[in-house]
Amino acid sequence: MMDVVVSAAEIQYLQAKAELDNNELKAEIMELALVGAGIGGGFANTNKLKVMNYREAMRSPDRASWEEEIKSEYERFQKFNAFTVVPCSELPSDAKIMSTTWAMKKKTNGKVVEDSMLEVTNPNTIRIVWTLLAMIPKWVTIIIDVEGAFLQGKFTNGEQMHIDVPDGMEKFYGSQEDGVLLLNVPIYGTKQAAHCFYQTLVKEVKDRNYERSKADPCLYFLRRNGRLAVMVSWVDDILALGHPEDVKQIESDLQSAFVSKSEGEMKEYIGNKVDVVRKSDGRAKIKVTQPVLVQKLRDEFDLPGGKTPKTPAVPGQVLSKGDGSDALNLEESTKYRSGTALCMYKMQWSRPDIYNATHDCARHMSAPNESHMNALKHLMKYAVGTAERGLVLYPDRMWDGSSEFKF
């Protein structure tokens, strides 16, 4: 086993991330992150992107597709030797059996997506590497998907964990009355899964002579023939940037370490549509938008009619803490927090212009009232009505990639 040494800067970074991951925000923001392609398509309403359990999926019009995906999941389990069937008669007397549930959700291209969470890069890091992409004429991108990422992690402490046979997999493993499954590798939902995969990823990239950033532990880089190449990891999607030869080497290195596949040139990343246009002088203009999130705001919130507001907030607006007399009910309060979280995600990635209005709404998430909800809907209507706007990165200088360059 290889010990992963964590610096003080890395500890501070991860602690800061944990403090920011308020539980109520985390579920909403991660859902948007895992929805995937910001390009959209394959659905008429974002309500179709809601997570379903097994029974809900089997009652849906897409039952046949879900059954096919369950079969594919079984094949992934087999590929990575995920389970050993243990008859109930052979279970240790002190064995604790964990129950299982499905989290079934469509991607924005209409395909199934499995839920997962692990250490991810900092959004600021991604904006920085995007800026470098715009500055270096010969840089290209590629996204590499690690197949069944958690299944490629390894237990490190000799854990013995058993689960019930998942719904829909009885025909592969037998009924729950006959036996249970011993985990040979971490799977989604176990607390070890994210960290085990992360440790494996760090070991593999270090073994191939990549350096890991001390400012962001999910940023890796190397210099080859005087050129810089980088890769960042977000869940199981790894973005590589650099000279075509170097990016090809990163792809080869990852494919030798993991079962993975190339998703091609970056056109979307972590819920963002990313348009890269290389100009004649070599610089690139990068525009980041979130059309799926915009549709979610349009579909799932009762936004006011009329013209699109000219500003994210009403001029002169001051949101004050209420006295409780006009507090929203539980359902509306939950909707307010959900909507604010979506605006925070949009503000963070593609719309810095809504920062102040979003910040004002976020200050009242614990006890929102009617005036706060009206302000949030005004903000949402502005965001929906100006959907074509986004974050634009267009540096006025180029960089040759050398370490002597002065920024």
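**Notes on the predicted model: sheets, one helix pair, two cysteines**

1. Start with a short strand pair. Strand 6 (residues 162-163) and strand 7 (residues 179-183) run antiparallel and are joined by two bridges. Within this pair, His162 sits opposite Leu182 of strand 7. Bear in mind that the model is predicted.

2. Strands 6 and 7 belong to an open sheet of four strands. Its order is 1-7-6-2, and the pairing is mixed. Strand 1 (83-87) and strand 2 (97-98) are at the edges. Each has a single partner strand, so one side of each lacks a neighbour in the sheet.

3. Overall counts, for orientation. The protein has 12 helices and 16 strands. It has 407 residues, and 49% of them count as buried. Take the contacts with a separation of 6 or more: 76% of them come from residues 24 or more positions apart.

4. A second open sheet of four strands has the order 13-14-15-16. Its pairing is antiparallel. The edges are strand 13 and strand 16 (391-393), each of which pairs on one side only.

5. Now walk across that sheet. Strand 13 (residues 268-269) pairs with strand 14 (residues 272-278) over two bridges, in the antiparallel sense. Glu268 faces Lys273 of strand 14 across this pairing. The two strands make a hairpin with two residues between them. In the turn, Ile270 has a positive phi of about 40°.

6. The next pairing, strand 14 with strand 15 (residues 284-289), is antiparallel and has six bridges. Lys273 appears again here, opposite Thr289 in strand 15. This is also a hairpin, with five residues between strand 14 and strand 15. Which turn residue has a positive phi of about 105°? Gly282 does.

7. The last pairing in the sheet joins strand 15 and strand 16. The two are antiparallel, over three bridges. Lys287 has Val392, in strand 16, as its bridge partner. Helix 5 (residues 123-135) lies across strand 13, strand 14, strand 15 and strand 16. Helix 5 runs at about 150° to strand 15.

8. Look next at the segment after strand 16, where Gly401 lies. Gly401 is buried, with a relative accessible area of 5%. What does Gly401 contact, leaving aside its neighbours within four places in sequence? The contacts are Ile136, Arg223, Gly226 and Leu228. Arg227 is 174 residues from Gly401 in sequence. In space, the C-alpha to C-alpha distance between Gly401 and Arg227 is 5.9 Å.

9. Strand 5 (residues 140-146) is mostly covered, with six of its seven residues buried. Strand 5 runs antiparallel to strand 11 (residues 237-242), and six bridges join them. In this pairing, Ile143 is opposite Leu239 of strand 11. Strand 5 also runs antiparallel to strand 12 (residues 260-264), here with four bridges. Asp145 is opposite Lys261 of strand 12.

10. One helix pair deserves a check. The axes of helix 10 (residues 330-349) and helix 12 (residues 370-385) come within 10 Å. They cross at roughly 40°, and the crossing is left-handed. Helix 10 contributes Glu332, Tyr336, Gly339, Thr340, Cys343 and Lys346. These meet His372, Met373, Leu376, Leu379, Met380 and Ala383 of helix 12. By class, this contact has seven nonpolar, three polar and two charged residues.

11. Cys343, from that helix contact, raises the matter of disulfides. How many does a search of the whole structure find? Zero. Cys343 is in no disulfide, and the nearest cysteine sulfur, in Cys361, is 7.0 Å away. Why is there no bond from Cys361 to Cys343? Because the sulfur of Cys361 is 7.0 Å from that of Cys343, its closest cysteine sulfur, which is too far for a bond. The cut-off here is within 2.5 Å.

12. Are the two cysteines buried or exposed? Cys343 is buried, at a relative accessible area of 1%. Cys361 is buried as well, at 2%.

Definitions and conventions: Residues numbered from 1 in each chain as written. Predicted model: local features only at pLDDT ≥ 70, side-chain atom pairs only at ≥ 80, totals over all residues. Heavy atoms only, no water. Axes fitted to C-alpha atoms, helices over the stretch in contact; angles between N-to-C directions. Left-handed = near helix turned anticlockwise from the far one by under 90°. Contact = heavy atoms within 4.5 Å. Nonpolar A, V, L, I, M, F, W, Y, C, P; charged D, E, K, R; others polar. Buried < 20%, exposed > 50% of the residue type's maximum accessible area, 1.4 Å probe, protein only. Pairing = 2+ DSSP bridges.
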